[in-house]
Structures are given as structure tokens and as C-alpha cells.
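Q: Please take a close look at the ligand site of this model. I would like a connected account of the surroundings of the ligand, followed by the main pocket.

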Amino acid sequence: MIFLDAAATTPVRREVLEAMWPYLSGDFGNPSSHHSLGEAAATALAGARTAVARVLKCRAGEVTFTSGGTEADNLAVKGIALARKASDETLNRVVISAVEHPAVEESARYLERVHGFAVDVVPVDQDGLVSVGALRAVLRPETALVSIMYANNEVGTVQPVAELAAAAHEFGVPFHTDAVQAAGWLSLDTKALGVDALSMSGHKLGAPKGSGVLFAKGRVRLEPLVHGGGQERGKRSGTENVAGAVALSTALTLAAAEENTAAEQVSGMRDRFIASILAGVPGAVLTGHPVRRLPSVASFCFPGTSGESVLLELERLGVICSSGSACAAGSDAPSPVLLALGLDPETAQTAVRFSFTPDITEAELEQAAAAVATAVGRVRNLAQT
Ligand code: PLP
């Protein structure tokens, strides 16, 4: 089986499992307990926070552990917008892009539905890119927050985050980025990016599902969403997932050390994979930006098929991939991301996304490209009979 669905999730790395194991077994303490077991857990949690801060180039106190990318996005979007509105009633608009993950988009819609915010959606071009000009056009004195993702989960387009954050700051507006797909592939240096908040998720880079991080810059106020015992400096109550935090910090540290070589190697393979699909599958269309894309994502539309049928056929041929985001899988509706890129609904329904782990090999991708040509041919033949 060739696994080409790493943007959905990844297996837990052995080093990560080994690092987290003690906190699931012998050192199982609650970090809030005042005995040796509790202290061991608290020390592990502090170490994990420092390790994450080292990669994000921030202070440990700016790192909040969450239950994953979705919670980190919710905490950033709702938490920052609500705190700003509490300090100034007129700050009642949020800006998101047209290609955000539902964790951001639905958080903004919640603010609109329940808290009376207006949501301004910045359009993208046909490659999925947000321009600084388009962002500037929607910024207003009432804007409480801008949230624009670092890299798209369906088509892999990488946004000019530093430029977008700088534009938001010209208007005095804090900038959040969803870096869930970027983590492990692109630099997460929050200083160089100039972001005020950044979310990431452990399970996209070899830690277990259910671990995440929100970086929020010291001066950014956050209204907590989960209330209780005041853990995570009051930003996220609940007994901490110590093993999850250790796992995420280990995976992130390993990924950061490997980032440059993995990104370079995998993007070369991705480009050869894209070239062989475009050459070998008549009518295949690459979606997303041709150059500014994640090293790990190659996404296409195959007109005359249905994405779901191509997936099934590919699985029979030993290749696992996805028709878009894992969240939308199984849904009949065309992807809002592809529609935002200007694709018609019929073409959008023929989308297939291939996403790679850093250990993908050239031979696997060659085999997969041949399987794609076969699968698309079979689905098209069936459609004609
Ligand atoms: N944001 C993006 C861009 C994602 O791709 C995902 C997951 O696919 C999430 C957020 C949600 O992360 P999690 O699965 O950890 O909740």
C-alpha cells in the first residue's frame, strides 16, 4: 500500500512514542499535584513548552497546549476577537480568507451568529493566493482580527504570511495564521512571520491525534473558551495532556531539524510526480499555485471522472489518497476551496489530493503516477458505458 494522504494524518513516529511513553505509564502524574509524581509531569510539560517555543522562536509562556488544530484555531479566532470586542465595542468585524479550514471559517461564523460580528472574506486568485491588496481592501477601523492560513490543506498553496501580517499591522489589527499544514515543511519562526497567533496540530507531523498548540504573542489578549481550573495560564482549563504535549514537542523538534532537507527532497519528487501526471493523464489539471505550494501536496482535477470513484479505483490499485480535505471526505458538495479558486462545481467534484510523508520514495511516486493514469482511464471508460 502506498500512503499518499499525509495531509489527513500521519503515523506516530517511533521516537515520539518512546518520548511520550513514560508519561502514560510510570510518570503518569497530574502536573497540578504537589507530590513527586505531579512534579515529574509538570517538569515534562514545561520542557515540552520550552521545546515548542524554541521552534516557534517565542517565549514558553506564549505557548498554549490544546486538543489539536481545531481547538487552537477556535481559541485564536474566538478568543482574540472576543477579548478585543470586550475592550472596545466597536471592534466587531473579523477577516478570513475564502479558503480557510472549517475550524477557522466556522469559528468566524459563530462570532457572526452569536456575537454580532461581521465576517469579511478576502477572495483568492485562481491559484488560491490572497494578495496584500485584496486584504487591504477589506480592512476597516472596526476589524478585530485577521485570520489567514499559512498553507492550504486541499491544494497546498502557501500564502505570503509575512506580507499579509504586515498589512494587518498597518491597520493595528492582530494577525492569526493556521499553520497546521505548514508545520514540518515550512519555517514556523513567528518573529520572521510577524504573526500574533499561530495554530498547529501534532498529528500532521508524527505525533498522536488530539495534540495541538496555539502560539499567542504576549500582548495579545485571549478570552478563554474552556473554563475551569485555570491551567495553561488560564487560557485553556483542564488537566493537561502531558504525554500529548511531550509527543508534539518531540515531533516538532525532529521535523524542524529535518525541515530543510525533507522539504527540498520531497518538493523535487512532488514536481516529478506532477509532471508525470500531467503528461500521463489526458486532461489532468493541477490545482493550487504552480510554485508557491507545500512540498508535500500535489492536487488535481480529472475532468470526466468523479473524485470519489478515482479514489476507490486507486485504493484497489494499492494507493491511498483523498478527494480533498479529510473533513469534507464523503460529502457530495463540491469543495468550497476549489469553488473559491474559480473552478466550476462539476470540475471541483473531480478533485484528488496526493500528500506525502517526508519518507516517501521516488519509486513509490512513480508507481502511484502509473496507478493514477490507470484509475482515471478506468473511471472515464465506465462513465462512457
Ligand atoms: N487546519 C487545517 C489547515 C487542517 O488541515 C486541519 C486538519 O486537517 C485542521 C486545521 C484541524 O486540525 P486537527 O485535525 O488537529 O483538529
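How far does a polar side-chain atom of Gln 181 lie from an oxygen atom of the ligand?

A: In this predicted model, the separation between a polar side-chain atom of Gln 181 and an oxygen atom of the ligand is 2.8 Å. Two further side chains make contacts of this kind. In Thr 70, an N or O atom of the side chain is 2.6 Å from an oxygen atom of the ligand, and for His 203 the distance from a polar side-chain atom to a ligand oxygen is 2.9 Å. The ligand on its own has 390 Å² of accessible area, and the protein covers 88% of it.

The shell as a whole consists of 13 residues, with Thr 70, Asp 178, Gln 181, Ser 201 and Lys 204 being the closest to the ligand. Sorted by class, this shell holds eight polar, three charged and two nonpolar residues. Helix 3, spanning residues 69-87, supplies three residues, the largest share of the shell.

The largest pocket can be described in similar terms. Its volume is about 410 Å³, and 23 residues line it. Nearest the centre of this pocket lie Thr 10, Leu 205, Gly 206, Thr 357 and Pro 358. The lining comprises 11 nonpolar, seven polar and five charged residues. Here the largest share, four residues, is contributed by helix 8, which covers residues 242-280.

Definitions and conventions:
Residues are numbered from 1 along each chain as its sequence is written. This is a predicted model: local features need pLDDT of at least 70, side-chain atom pairs count only at pLDDT 80 or more; totals for chains, interfaces and linings use all residues. Side-chain values use heavy atoms; hydrogens and water are left out. A residue is near a molecule or strand if one of its heavy atoms lies within 4 Å of it. A polar contact is a pair of N or O atoms within 3.5 Å; within protein, one must be able to donate a hydrogen and the other to accept it, and residues adjacent in sequence count only if both atoms are side-chain atoms. Accessible areas come from the Shrake-Rupley method with a 1.4 Å probe; for residues, only the protein chains shown count as cover. Helices (H or I, at least four residues) and strands (E, at least two) are DSSP runs, numbered from the N terminus. Ala, Val, Leu, Ile, Met, Phe, Trp, Tyr, Cys and Pro count as nonpolar, Asp, Glu, Lys and Arg as charged, and the others, Gly among them, as polar. On a 1 Å grid over the protein atoms alone, a cavity is a set of points where a 1.4 Å probe fits but cannot get out, and a pocket is an open set with protein on both sides within 12 Å along at least five of seven lines; lining residues have an atom within 4 Å of a point. Grid points are joined across faces, edges and corners, and a volume is the space filled by probe spheres set on the points.
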